[in-house]
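Here are a few exercises to work through with the model open beside you. Try each task before reading its solution.

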Amino acid sequence: MAHRPIRIAVLYFAHETVTFLPNDTTLQDFIYERSPASGEALLAHDPRSYMGGFVKVAREHDGVDLVGIESPLWPKTGTGSGWVTEEAYETFVSRMIDGLWAQGPFDGIYLALHGAMAVRGVARPEADLARRVRAVVGQGAFIVGTFDPHGNEDEEFLRHADMAFTVKYFPHYDSHLQGERAARMLVRAIRGDYAPATVTRRVPILSATVLQWTGASPWMDLVQRALVWEAREPDLYVNFFFGFPFADVPDVGMTFQVMTNGKPDLARKAADDMAAAAWRRREALLGSTRVHLIPEGVRLAKEAMARGATPIVLADHSDRSGSATWLLKEIIAQDLSDTLIATIADARTSDALKARGVKAGEPFDMEVGGLADESAGTPVRIQGTVLNAVEGHGQLWVVVQFGRNNVLVLSRYLVQVMEPEPLGALGLDVSQFKAFAIKSRVHFRRGFDDSGFAKTILLVEPEQPFLGTVRLEGLPYRNVDLKKFYPYGSPLFP
């Protein structure tokens, strides 16, 4: 049976905003080579993630025309910046709306989002964007969004959009799959084969992201429960938003969404079941991961090195600026050897090195890191030799050897090292190191833990001050009342 041609607009606007950082995410942070993007350039962005999955499946259907509307890509600051400014948000949303008016009409809209973007003056930016898109495309078009599990989403997005699909795994293995699902269900809805009925349930649990690894119970159990619902009920989909506590926003916390094909009662049954299961496991959810203070973590790394339990990962999950020096200081203080520290973010030092044309073989004697905010600590003086200096991914990477076969990688922005292999692009032989000191919460498990690469995993954070801490009571919330969430109060549920 032939179908009439359909037109789908594709938009992208994503950020994971750490509102406690002092540096706002500005308009200029979203503007760099290839960003903003439109047309085929936007559609080709991030082919292994949501966008790639969406475009692949949408184009497997005959008579589907995708239109990439000008959109900003992920800001060059990564996740190492705070509130998105009103100027940045309004500039790009206005351009998106203008693009929809100019290039419409459309049968469907795909919004590639994150869910934890926080904008000054806009309480729920993803929902606001969906509302403004709806005003252009009308009630006859279908709107679908894809999200990171660390979104802070309540029912508002689905008041204006029709469907949402969220990654289930942390690390995020299934983003391409969720993009595929979004495309498939959007086309079905447009062609009258799917009538989305959604139910949203909030659960008053607030947890730090480092605790949310889905490679072990109990987080793994909740993901499996969602997968069982999807397996046994055709056309049912479960979204599990873990929540992102480092955004001081009113919709922070855990959320479940369930979507069915015209069966609201079934959606409600599944959503209630998922929410109740999470609430029953609330104590285990917050006690599933061991976090060490940095001095203890480095001591344990030395002990593991002595007994040959290497490679070792020392992951500072709490560093949200990328500039924190607490772990670097302790590595020096305890004379840990054969350690790769990747990375310390330092824009000032990076710019100075770039300006003077730093080259391999030069002596290095500079203070690095610290000062970005209180949680970053103070700079640390490193004396050694430059092994390499290369441009890539929008920044300068400087590799410095110091101490007893230690190597420090300097970057301009926060970098989460997720896998050891890409470090080879800096001229490093990762097999020569016994320990890796990195800035990562859970993403590193992709290449260091799930792969079997590392024999010892140690998650660490400084005693003071707090920023990305597991001790959320140390954060200066203004828009969130911690007493309304477990374990900081005694919330009633359901």
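## Exercise 1: A residue in a strand

Val67 is in contact with Arg7, Ile8, Ala9, Val10, Gln103 and Phe106, leaving aside residues up to four places away in sequence. Bear in mind as you work that this is a predicted model.

**Task.** Find the strand that holds Val67, and decide whether Val67 is buried or exposed.

**Solution.**
1. Start with the strand: Val67 belongs to E2, which covers residues 64-68.
2. Next, take the relative accessible area of Val67, which is 10%.
3. Buried means under 20%, so Val67 at 10% is buried.
4. For a sense of distance, look across to Leu227: it is 160 residues away from Val67 along the chain, and their C-alpha atoms are 32 Å apart.

## Exercise 2: Checking a helix

**Task.** Work out what span the 16 residues of helix H6 should have, and compare it with the distance between the end C-alpha atoms.

**Solution.**
1. Helix H6 runs over residues 175-190.
2. The expected span is 1.5 Å times one less than the number of residues, which gives 22 Å for H6.
3. The end C-alpha atoms of H6 are 23 Å apart, in agreement with that expectation.
4. Now turn to its cover: 12 of the 16 residues of H6 are buried, including Gln178, Arg181, Met185, Leu186 and Ile190.
5. After H6 comes Gly192, with a positive phi near 85°.

## Exercise 3: Backbone details

**Task.** Examine the phi angles of Leu371 and Asn405, and then look at the peptide bonds leading into Pro487 and Pro494.

**Solution.**
1. Leu371 is not a glycine, yet its phi is positive, about 70°. Leu371 sits in the loop between strands E12 and E13 and counts as exposed, at 52% relative accessibility.
2. Asn405 is not a glycine either, and its phi is positive, about 60°. Its loop lies between strands E14 and E15, and at 32% relative accessibility Asn405 is partly exposed.
3. The bond from Tyr486 to Pro487 is cis, with omega near 10°.
4. Phe493 and Pro494 are also joined by a cis peptide bond, with omega about 0°.
5. Pro487 is in the segment after strand E17, and Pro494 is in the segment after E17 too.

## Exercise 4: The whole chain

**Task.** How many helices and strands does the protein chain have, and how does its radius of gyration compare with the globule rule?

**Solution.**
1. The protein chain has 13 helices and 17 strands.
2. Its radius of gyration is 23 Å, close to the 23 Å from the globule rule for 494 residues, so the chain is as compact as a globular protein of that length.
3. Buried residues account for 60% of the 494 residues.

Notes. Residues numbered from 1 in each chain as written. Predicted model: local features only at pLDDT ≥ 70, side-chain atom pairs only at ≥ 80, totals over all residues. Heavy atoms only, no water. Helix = DSSP H or I, 4+ residues; strand = E, 2+ residues; numbered from the N terminus. Buried < 20%, exposed > 50% of the residue type's maximum accessible area, 1.4 Å probe, protein only. Rg over C-alpha atoms; globule rule 2.2 N^0.38 Å. Contact = heavy atoms within 4.5 Å.
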